[in-house]
Amino acid sequence: MPQCFHTVKELREYLKPLKAQGKTVGLVPTMGALHQGHATLISNSAKENDITVVSVFVNPTQFGPTEDFDAYPRTLEADLEVVGKAGGDVVFAPSPAEMYPSSDDTWVEVTGNITKVLCGKSRPIHFRGVTTVVSKLFNIVGPTRAYFGQKDAQQVEVLRRMVKDMFFDLELRIVPIVREESGLARSSRNTYLSAEEKSAAVILSKTLKIALEKFKAGTTKVEDIISFTRTEIAKEPLANIEYVECYGLPGLYELSDEVKAPSLLAVAVRFGTTRLIDNIILE
Ligand code: AMP
């Protein structure tokens, strides 16, 4: 079983002598309810670093007032087991008061279109919460490498920008989307889905895959790719589309008429009350 620390002081005391010996540290930030997607990030880190720290923190500042902060699954005991099996050494599970010690807030915010498009439209404070908490974790742990999933593609682009602009001295390592056998992207929020919604949600990965094939076969107009994806997903009666959008990589730049490889095709779709995201890189 990995060691579990709840305070910044304890974690720093643990890491200090190891770093003095020149050991490399991998950081895997998570909100817990760990699944095979998280386990893949952890085992990648364990392969590439001497020590792997997994943070488990449901970060209040990245949830909007009507979002699922209270309902978000909290399963620390089971998470410790997943971390241990995947080769992680330490779990850092702080309280909100430990991570936000002052009554007034200090924010790290990436501004501009990169945080306004896609999920930024319906979740206006989300990325400010993410960049703030990830900055705190980077400063607490001082990792050699930090691991994030392509599942949250916009988060990856925002964090790349933050690391560059804030001169964080670490390497970002991005792990491809881990999927269930059906193709459904693994997510802690999949536990909210009924059996019927879960099988309906397969339409997302299925459609994105066909969109990529179409792109490769010569459908390169942004409008055509988006309308195909939207139409296919809308055929599923339980799917309620929030967005289907396509932006250029890196940095989520606005595409004019044509999709330029590499570009990100991303969707957010509700099944019942559960909001799922998925994406594919067109290249
Ligand atoms: P979360 O606990 O949802 O905040 O996710 C923590 C990290 O795991 C983030 O970097 C996610 O992008 C990553 N992650 C979550 N689900 C998956 C998945 N299915 N495949 C790859 N990475 C994932």
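**Exercise 1.** In this predicted model, determine which helices and strands each supply at least two residues of the shell around the ligand, and which of them gives the largest share.

*Solution.* Begin with the secondary structure: strand S2 (25-30), helix H2 (36-48) and strand S5 (145-149) each supply at least two residues of the shell. Next, look at the shares, where H2 comes out with the largest, 3 residues. Then take the shell as a whole, which consists of 17 residues, with Met31, His38, Asp152, Val178 and Arg186 being the closest to the ligand. Finally, sort the shell by character, which gives 8 nonpolar, 6 polar and 3 charged residues.

**Exercise 2.** Find which ligand atoms lie 2.8 Å from a backbone N or O atom of valine 178 and of arginine 186, and state how much of the ligand the protein covers.

*Solution.* For valine 178, the partner of the backbone N or O atom is a nitrogen atom of the ligand, at 2.8 Å. For arginine 186, a backbone N or O atom is likewise 2.8 Å from a ligand nitrogen atom. Glycine 149 adds a backbone N or O atom that lies 2.9 Å from an oxygen atom of the ligand. As for coverage, the ligand on its own has 480 Å² of accessible area, and the protein covers 92% of that.

**Exercise 3.** Describe how domain 1 and domain 2 meet, using contacts and buried area.

*Solution.* First set the bounds, with domain 1 spanning 3-175 and domain 2 spanning 188-278; their C-alpha centres are 26 Å apart. Then count contacts, in which 24 residues of domain 1 touch 17 residues of domain 2. Last, the area buried between these domains is about 1600 Å², and carbon and sulfur atoms give 56% of it.

Methods. Residues numbered from 1 in each chain as written. Predicted model: local features only at pLDDT ≥ 70, side-chain atom pairs only at ≥ 80, totals over all residues. Heavy atoms only, no water. Near = heavy atom within 4 Å. Polar contact = N/O pair within 3.5 Å; in protein donor to acceptor, adjacent residues only side chain to side chain. Areas by Shrake-Rupley, 256 points an atom, 1.4 Å probe, with all protein chains shown as cover. Helix = DSSP H or I, 4+ residues; strand = E, 2+ residues; numbered from the N terminus. Nonpolar A, V, L, I, M, F, W, Y, C, P; charged D, E, K, R; others polar. Domains from an automatic or database assignment. Contact = heavy atoms within 4.5 Å. Buried area = accessible area lost by both parts, 1.4 Å probe.
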